[in-house]
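Work through the two exercises below with the structure at hand. Each task is followed by a stepwise solution.

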Amino acid sequence: MKLEYTKGACSLATRIIINEIGLPCEYESVDLANKKTQNGQNYFNINPKGAVPALTLDNGEVLTENAVIMQYLADSTNAVKLLPPQGDFMRYRVLEWLNYVATELHKGFSPMFNPHMPQDVKDHVIIPMLKAKLSFINIHLENHRYLLGDEFTLPDAYLFVMISWAGYFKFNMNEWEYLSRYYTELQKRKSVQQSLTEEGLSKAAV
Ligand SMILES: N[C@@H](CCC(=O)N[C@@H](CS)C(=O)NCC(=O)O)C(=O)O
């Protein structure tokens, strides 16, 4: 299989899961500004939505949507610690967090990357909204090592990338004691370290 990715983008979460499971995978970087792959291909020919990640399976199917690719990877390899099986209610708790990170945080951060978004709107609307969501997670993490408790699961990989973006945009992580502790611990995780190294990110942004 092959993952289309962009350095430090949400596709880093997919890579962390690939490394967490230990799957062989090829990687091709995508220049999102020009929609060109590393090999000079028009990226729209791989993913007509133009966004990373896209995972090309060995049978030629191309799967998109970060949260769905992660579910596919866990289910197809029986990685039940990352995503419990159907019939186990914890599966829906994992998916509940995965959906929260995808829809509230990831898509909450997206306008921050838009150069046409006025700074005033970022400062007075987007950043306060993101901070409120990070504060909610911070409180949750006071009594949880990972989002779901003692086990690292799919949304932890995704949240790791979102916290690195908070650092990129110079959010003051000292505001969130438990989120900072969580982030520091995740940075030591083998799959995370491997993924950062593979993307040439010697250290995450915070
Ligand atoms: N709905 C997609 C969105 C992915 C997404 O927003 N990817 C960003 C990078 S983090 C991207 O490729 N943005 C460029 C674009 O959408 O044109 C998913 O959840 O996978």
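Axes here are lines fitted to C-alpha atoms, for helices over the stretch in contact, and the angle between N-to-C directions runs from 0 to 180 degrees. The model is predicted.

**Exercise 1.** Describe how helix α3 and helix α4 pack, and state which residues meet.

Solution.
1. Locate the helices: α3 covers residues 90–109 and α4 covers residues 119–141.
2. Give the geometry: the two axes cross at roughly 145° and come within 10 Å of each other.
3. Assign the hand: the crossing of α3 past α4 is left-handed.
4. List the contacts, with C-beta atoms within 7 Å as the criterion. From α3 come Glu104, Leu105, Gly108 and Phe109, and they meet Met129, Leu130 and Lys133 of α4.
5. Classify the residues of this contact: four are nonpolar, two are charged and one is polar. Gly counts as polar in this scheme, so the polar residue is Gly108.

**Exercise 2.** Characterise the contact between domain 1 and domain 2, and find which element gives the largest share of the domain 1 side.

Solution.
1. Set the bounds: domain 1 spans 2–80 and domain 2 spans 90–189.
2. Take the centres over C-alpha atoms; they are 21 Å apart.
3. Count the residues in contact: 11 in domain 1 and 10 in domain 2.
4. On the domain 1 side, the elements that give two or more residues are α1 (11–21) and α2 (66–76).
5. The largest share comes from α1, with five residues.
6. By class, that side of domain 1 holds eight nonpolar residues, two polar and one charged.

Terms used
Residues are numbered from 1 along each chain as its sequence is written. This is a predicted model: local features need pLDDT of at least 70, side-chain atom pairs count only at pLDDT 80 or more; totals for chains, interfaces and linings use all residues. Helices (H or I, at least four residues) and strands (E, at least two) are DSSP runs, numbered from the N terminus. A crossing is left-handed if the near helix is turned anticlockwise from the far one by less than a right angle, and right-handed if clockwise. Two residues are in contact if their C-beta atoms, placed from the backbone, lie within 7 Å. Domain bounds come from an automatic or database domain assignment.
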